Amino acid sequence: MKVTIHNATLELVEGDITQQDTDAIVNAANRSLLGGGGVDGAIHRAGGPKILEECRQLGGCETGDAKITTGGNLKARYVIHAVGPVYRGSPRDAELLASCHRRSLEVASENHCRSVAFPAISTGAYGYPLHEAAPIALRTVMDYLRSHDDITLVRFVLFGRAAYEAFAQALRDLTT
Ligand code: AR6
């Protein structure tokens, strides 16, 4: 599914984020930035040890923030390591989830990226329900694209049908 937002394309695909050829891919990291399971493990495995070496120099990352490394052996030039919230069922969850998406795009802009791929941050080990996370992630990205001209493609790469369907429903709700 694909929509136009201002001068950009916002796209949803089902797939594996490690295979994306966007300028940057976003990692769903933790505050240590020293690796983990899920999408984080997959990115480090596919990208090789150089990413972890660079991460060690970054001194961790606060929840809601994002930091950048190169992409190692990945097709993407950069990995933007974003730290989403552990879901607690409080209003702060949504603020932090929105913040890590916004910060990822700001870091992408600072590094002259024109295309960025996101996974469904916080919806795995961190327990954020997909149907709650999807509209927050999409709304935050849409707001950013409406007010910035530099990024011309944002692709959400959803792992499995359920994740794709949750994002597709949220995008239909936001655009109709
Ligand atoms: N491509 C795209 N999405 C993926 C992939 C992939 N290759 N693999 C998993 N997903 P999670 P979180 C989806 O748990 O909830 C790590 O250990 C997955 O189905 O990766 O933010 C970190 O180090 C889910 O929808 O991240 C942290 O400690 C989404 O990616 C912690 O997990 C996010 O699931 C972060 O938890």
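## Nonpolar cores

In this predicted model, the largest nonpolar core holds 42 residues, and those touching the most other members are Leu-10, Leu-12, Phe-118, Leu-138, Val-154, Phe-156 and Phe-167. The element that gives the most to this core is helix H4, residues 130-147, with nine residues.

Another core lies apart from the largest one. This other core has 14 residues, including Ala-29, Ile-43, Leu-74 and Ala-76.

## Contacts of Val-154

Val-154 is one of the residues of the largest core that touch the most other members. Which residues is Val-154 in contact with, leaving aside neighbours within four places in sequence? They are Thr-9, Leu-10, Glu-11, Leu-105, Val-116, Phe-118, Val-141 and Leu-145. Two of these names, Leu-10 and Phe-118, also appear among the core residues that touch the most other members.

## Elements and overall form

The protein contains five helices and seven strands. Read from the N terminus, the order of these elements is β-β-β-α-α-β-β-α-β-α-β-α. The radius of gyration is 15 Å, close to the 16 Å that the globule rule gives for 176 residues, so the protein is as compact as a globular protein of that length.

Along the principal axes, the C-alpha atoms fill a box of roughly 45 × 35 × 30 Å. Of contacts between residues at least 6 apart in sequence, 69% join residues at least 24 apart.

## Burial, surface and charge

Of the 176 residues, 51% count as buried. The protein exposes about 7,900 Å², and carbon and sulfur atoms supply 50% of that area.

There are 18 positive and 20 negative side chains. The centres of these two sets lie 2 Å apart.

Conventions. Residues are numbered from 1 along each chain as its sequence is written. This is a predicted model: local features need pLDDT of at least 70, side-chain atom pairs count only at pLDDT 80 or more; totals for chains, interfaces and linings use all residues. Side-chain values use heavy atoms; hydrogens and water are left out. Helices (H or I, at least four residues) and strands (E, at least two) are DSSP runs, numbered from the N terminus. The radius of gyration is taken over C-alpha atoms; the globule rule is 2.2 Å times the number of residues to the power 0.38. Buried means under 20% relative accessible area, exposed over 50%, partly exposed in between (1.4 Å probe, protein chains only). Contact means heavy atoms within 4.5 Å. Accessible areas come from the Shrake-Rupley method with a 1.4 Å probe; for residues, only the protein chains shown count as cover. Lys and Arg count as positive and Asp and Glu as negative; His and the chain ends are not counted. The place of a charge is taken as NZ of Lys, CZ of Arg, CG of Asp or CD of Glu. A nonpolar core is a set of buried Ala, Val, Leu, Ile, Met, Phe, Trp, Tyr and Cys residues joined through side-chain atoms within 4.5 Å.
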